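Biologist: I would like to take a close look at a single part of this structure, and I would be glad of one connected answer that a first-year student can follow. Please begin from the model itself.

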Amino acid sequence: MPVSQVSPAVASPNTPGRPDASTASDTPDTPGAEGGRRSRERDAFFDNAKFLAIVLVVVGHSWEGLRDGSRAVAAGYLLLYAFHMPAFTIVSGHFSRSFSFRPRQIRRLVTGVAVPYVVFETALNLFRAWNTGEEPRITLLHPWYLTWFLMALFIWRLTAPLWRALRYPFTVSVVLAAAATASPDIGGDLALQRVLQYLPFFVLGLRLERRHFEALRDRRLRLLAPAVLALGALAAYWTVPRMNPDWFYHRYAAQELGAPGWAGVLMTLGMLGCSLLLSAAFLSLTPSRRTWFTALGAGTLYAYLLHGFLAKGAHYWDWYEGGFVNSAPGVLLVTAVAAAVAVALTTPPVVRAFRWAMEPRLEWFFAPEPPARAGRDRRTAAPGA
């Protein structure tokens, strides 16, 4: 794949431009997939990035119960949370570049995001109630655990045309994120804190073109990327006893974390810079060629949602109790098992088994699409989504 010589510094998220036809998509594709339903050729780079990111998400959740026993694990946990969801969100934004409320796009948004949200928000809450003895708390307006991302993706995608119309969308999104971090009254309804605090990453992805991602493949940047991640790991190790890890979840206002509102504004800007730098390093190291796991990148929504039952179950069922699991060999074993689970949950058998919940057709629910419009949408939908 040829590498553009355009410097990343030129890739301003505020630069107007039409969606890149090689990657623009009608589908709510990140973290998710279409399960191979379409036969069009996919972009290996983005499938690789999604697969690697979902593996890091699952591994990060497996480390959650090990943080208290190891500063190194706690540092690795912070490092992952500093960039894996930001990188996911950037790719999500990039695949929203062509969203313009066409009927086919609305159908995909409902069947690929809204329906999985309802199904898994309900299922995860019932799973929690069954294991804890609590009353089920299913409101659909207050996402719990993993489902916040689906709620956020639904809102972000609906607003995509607005961000494309603005002159300085990235700047506006940063202002909104900083304001949210200083506003405790926003609360948790519709995951609005996370919707707004992660918004700059989505808007950035929305404005980036394929050539900007290719610029990250520059040999000098790829040689520099491991050093950036290593410095991030050292910074995370230093941060562990000095910073509340809840800052990395982006679900609280500064006042809820015991800090004044102005500190939230500064933290938003500082963490945004760190996350973008680490995300760039991650994407720079992502292979652009087809690999053994490229095809599995089409199943990341399945792994993202399904692993939540095991991640929470590990706490409910006391899997983290005992000395071995907190030893160095135990941590390595937990990490390997988590990575294997991530791989397994993206495979075709899992996709086929759960497609009814992740990608229902719902043809009975939608009005028939005029043949001329359907054909035009299929022709304009890009490959690689």
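Leaving aside its neighbours within four places in sequence, which residues is Trp-63 in contact with?

Modeller: Before turning to that residue, please keep in mind that this is a predicted model. Once the neighbours within four places in sequence are left aside, Trp-63 is in contact with Val-73, Gly-76, Tyr-77, Leu-80, Val-331 and Thr-335. Trp-63 also belongs to the largest nonpolar core, which has 99 residues, and it is listed there among those with the most contacts inside the core, together with Leu-66, Trp-148, Trp-156 and Tyr-304. The largest share of this core, 14 residues, is supplied by helix α2, which covers residues 71-94.

To see the setting of this core, it helps to step back to the chain, whose secondary structure comes to 14 helices and zero strands. Of its 385 residues, 54% count as buried, and among the contacts between residues at least 6 apart in sequence, 84% join residues at least 24 apart.

Helix α2 appears again when we ask what surrounds helix α7, for the cover over the buried residues of α7 includes α2, α4 (148-165), α5 (169-181), α6 (192-197) and α10 (261-285). Nine of the nine residues of α7, which runs over residues 199-207, are buried, and therefore this helix is largely enclosed by the rest of the structure. Among these buried residues are Phe-201, Phe-202 and Arg-207.

One of the covering helices, α10, contains Ser-275, and this serine has a relative accessible area of 2%, so it counts as buried, the cut-off being under 20%. With neighbours within four places in sequence again left aside, Ser-275 is in contact with Ala-82, Phe-83, Pro-86 and Phe-201.

Not every tryptophan is placed in this way, because Trp-130 has a relative accessible area of 66% and is exposed. Trp-130 lies in helix α3, residues 103-132, and it makes a nonpolar surface patch of about 500 Å² with Leu-310, Trp-317 and Trp-319. As for the surface of the whole chain, about 16,900 Å² is exposed, and carbon and sulfur atoms supply 66% of that area.

Methods
Residues are numbered from 1 along each chain as its sequence is written. This is a predicted model: local features need pLDDT of at least 70, side-chain atom pairs count only at pLDDT 80 or more; totals for chains, interfaces and linings use all residues. Side-chain values use heavy atoms; hydrogens and water are left out. A nonpolar core is a set of buried Ala, Val, Leu, Ile, Met, Phe, Trp, Tyr and Cys residues joined through side-chain atoms within 4.5 Å. Buried means under 20% relative accessible area, exposed over 50%, partly exposed in between (1.4 Å probe, protein chains only). Helices (H or I, at least four residues) and strands (E, at least two) are DSSP runs, numbered from the N terminus. Contact means heavy atoms within 4.5 Å. Patches are made of residues with over 30% relative accessible area and no salt bridge: like charges are joined within 9 Å, nonpolar side chains (Val, Leu, Ile, Met, Phe, Trp, Tyr) within 5 Å. Accessible areas come from the Shrake-Rupley method with a 1.4 Å probe; for residues, only the protein chains shown count as cover. A salt bridge is a side-chain nitrogen of Lys or Arg within 4 Å of a carboxyl oxygen of Asp or Glu.
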